[in-house]
Amino acid sequence: MFVKANLVALALSLSTIASPVIEGLGARVPFERRSGMTTDDGWFDHKRAAQQVVWDRNKHRQNMINLERNVGREAFNEGAQILPLANYSAPPEKRQSEKLTDEGEVYWAGPISIGTPAESFLIDFDTGSADLWVPSINCTSTYCSKKDKYNPASSSSGVHRSGSFFIQYGDGSQVSGPEYTETVSVAGVTVKNQYFSPVTTISPSFGSEAEDGLLGLAFPAISNLGQTPFFNNAKSQGAVKSGVFGMKLAKSGSELYLGGTDSSLYSGSPEYHSVTGSGFWQISGASILVGTKTIESGFQTIIDSGTTIIYGPPSAVATFYNSIPGSQVYDSQNGFYSFPCSAVPANVAFSWGGQTWTISAANFNYGKVSNTQCIGAIAGQDLGLGSNVWLLGDSFMKNVYTAFSFDSNAVGFAALK
């Protein structure tokens, strides 16, 4: 177990702009990308978006429970709270009739191996959580039937530990299982005695997805297992020289780079900002702009690869859309707004006092809901993370190269090549 005092110290800000992190000799993990909130024929996938909102609310609800248990409420942002469990209800169908297409998934996945001999898994890499789990051979649910499963009896390095892993979701389901330590490898970066859960129950929301499980890349403070995450162990065990990892998220060429940043994917040097939130990749002093006009400023932002959506406090998001001509509330429960498809904003940007990082029109537009109206990537939703906290998912991250530094306790952005 880790010590609370160390976790609090880990979350302290080092400076307004942290020192750049030099690229290290690291390991590349190619990402497999599946479609997000837009169907293949250009329509907004309202059902999937509503499911994602519930998933994100309950993921961060559990993160706040973990943070309170591991560190204490003194680590909460102002106005943060543990919200009630969010429940999914199918949204009313508002769009015009169109041909249905296969629903894609919304995660960034890559290969890992667990055990001795190694068993392979396809895993979601999530900067908004801090645990590793995969299905167990003891999961007999139909939701596990098409997934690769961990068999402790087949591994000489697995050790069953006391304790259990449990996350509840809004459809009444859960992901749960025992705790083990094992040898885990990602792109040749090998960690011994890594805590993880081979889960025996799995949420239906995972059943249709190609990915087997999840590997969290956030800070130990939000670990459900109460243990050190994989990448932190990789650094402490000397499997990587640099406690930095980088992400490029795109339609093609997506990559996780462990042990530094991949300078072949970006121009210039990353602009770094110190982490200010315990447990999360949270940075302060953010502004959102439309063109040259600042709409909101001075807020906190959490960088989360585990969701596609960009979330802001409902009142702040309403102010933002007031600056988008022709916009209107589309789904008040889930916080989505529409705008004229003929004028997709291409000048929405975030800044942390340095460069301005613009969201492309393609990444801002979630698709049509009629022949004239489309849905925006920014949704108004209270996730319980704090009254002045935004959460930036991959609709933002796809526009930049993002570096995450445990060494400097900082997040950096650079222009993609």
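Start by selecting alanine 90, which is found in the loop between helix 2 and strand 3 (108-114). Helices (H or I, at least four residues) and strands (E, at least two) are DSSP runs, numbered from the N terminus. The model is a predicted one, in which local features need pLDDT of at least 70 and side-chain atom pairs count only at pLDDT 80 or more, while totals for chains, interfaces and linings use all residues. Residues are numbered from 1 along each chain as its sequence is written, and side-chain values use heavy atoms, with hydrogens and water left out.

Alanine 90 is exposed, at a relative accessible area of 60%. Here buried means under 20% relative accessible area, exposed over 50%, and partly exposed in between (1.4 Å probe, protein chains only). Add arginine 48 to the selection: its C-alpha atom is separated by 9.4 Å from that of alanine 90, and the two residues are 42 apart along the chain.

**Whole chain**

Zoom out. The secondary structure comes to seven helices and 25 strands. Of the 417 residues in the chain, 60% are buried. Among contacts (heavy atoms within 4.5 Å) with a separation of 6 or more, 73% are between residues 24 or more positions apart.

**Largest cavity**

The structure holds four cavities of 30 Å³ or more. A cavity is a set of points, on a 1 Å grid over the protein atoms alone, where a 1.4 Å probe fits but cannot get out; lining residues have an atom within 4 Å of a point. Grid points are joined across faces, edges and corners, and a volume is the space filled by probe spheres set on the points.

The largest cavity has a volume of about 160 Å³. To find it, select Lys59, Ser129, Ile167, Tyr169 and Leu214, the closest to its centre of the 16 residues that line it. Helix 2 (46-70) and strand 6 (159-168) are the elements that give two or more residues to this lining. Helix 2 has the largest share, five residues. By class, the lining has eight nonpolar, five polar and three charged residues. In this scheme Ala, Val, Leu, Ile, Met, Phe, Trp, Tyr, Cys and Pro count as nonpolar, Asp, Glu, Lys and Arg as charged, and the others, Gly among them, as polar.

**Strand 9 and its partners**

Leu214 leads to strand 9 (residues 213-216). In a regular strand the side chains alternate between the two faces of the sheet. Gly213 and Leu215 point one way from strand 9, Leu214 and Gly216 point the other way, and all are buried.

Two strands pair if DSSP finds at least two bridges between them. Strand 4 (residues 119-126) runs parallel to strand 9 and is joined to it by four bridges; isoleucine 123 has glycine 213 as its bridge partner. Strand 5 (residues 132-135) runs antiparallel to strand 9, with two bridges, and tryptophan 133 is the bridge partner of leucine 214.

**Backbone details**

Select threonine 116 and proline 117: a cis peptide bond joins them, with omega about 0°. Proline 117 lies in the loop between strand 3 and strand 4.

Next is alanine 187, in the loop between strand 7 (174-186) and strand 8 (189-199). Its phi is near 55°, a positive value in a residue other than glycine. Alanine 187 counts as partly exposed, at 40% relative accessibility. In strand 8 itself, asparagine 193 also has a positive phi, near 60°.

**Seven-stranded sheet**

Select the open sheet of seven strands with the order 19-18-13-14-23-15-22; its pairing is mixed. Strand 19 (356-359) and strand 22 (378-380) stand at the edges with a single partner strand each, so one side of each is left without a neighbour in the sheet. The twist averages 35° from one strand to the next. Angles run from 0 to 180 degrees between N-to-C directions, and axes are lines fitted to C-alpha atoms, for helices over the stretch in contact.

Strand 14 (residues 293-303) and strand 23 (residues 389-392) run parallel, joined by four bridges. Threonine 301 stands opposite tryptophan 390 in strand 23. Helix 5 (residues 314-322) packs on the sheet, touching strands including 13, 14 and 15, and its direction makes about 135° with that of strand 22.

**Four-stranded sheet**

The last stop is an antiparallel open sheet of four strands in the order 16-17-21-20. Strand 16 (residues 328-331) and strand 17 (residues 336-340) pair over three bridges. Valine 329 has tyrosine 337 as its bridge partner, and aspartate 331 has phenylalanine 336. The two strands form a hairpin with four residues between them, and glycine 335 in the turn has a positive phi of about 85°.

Technical notes
On a 1 Å grid over the protein atoms alone, a cavity is a set of points where a 1.4 Å probe fits but cannot get out, and a pocket is an open set with protein on both sides within 12 Å along at least five of seven lines; lining residues have an atom within 4 Å of a point.
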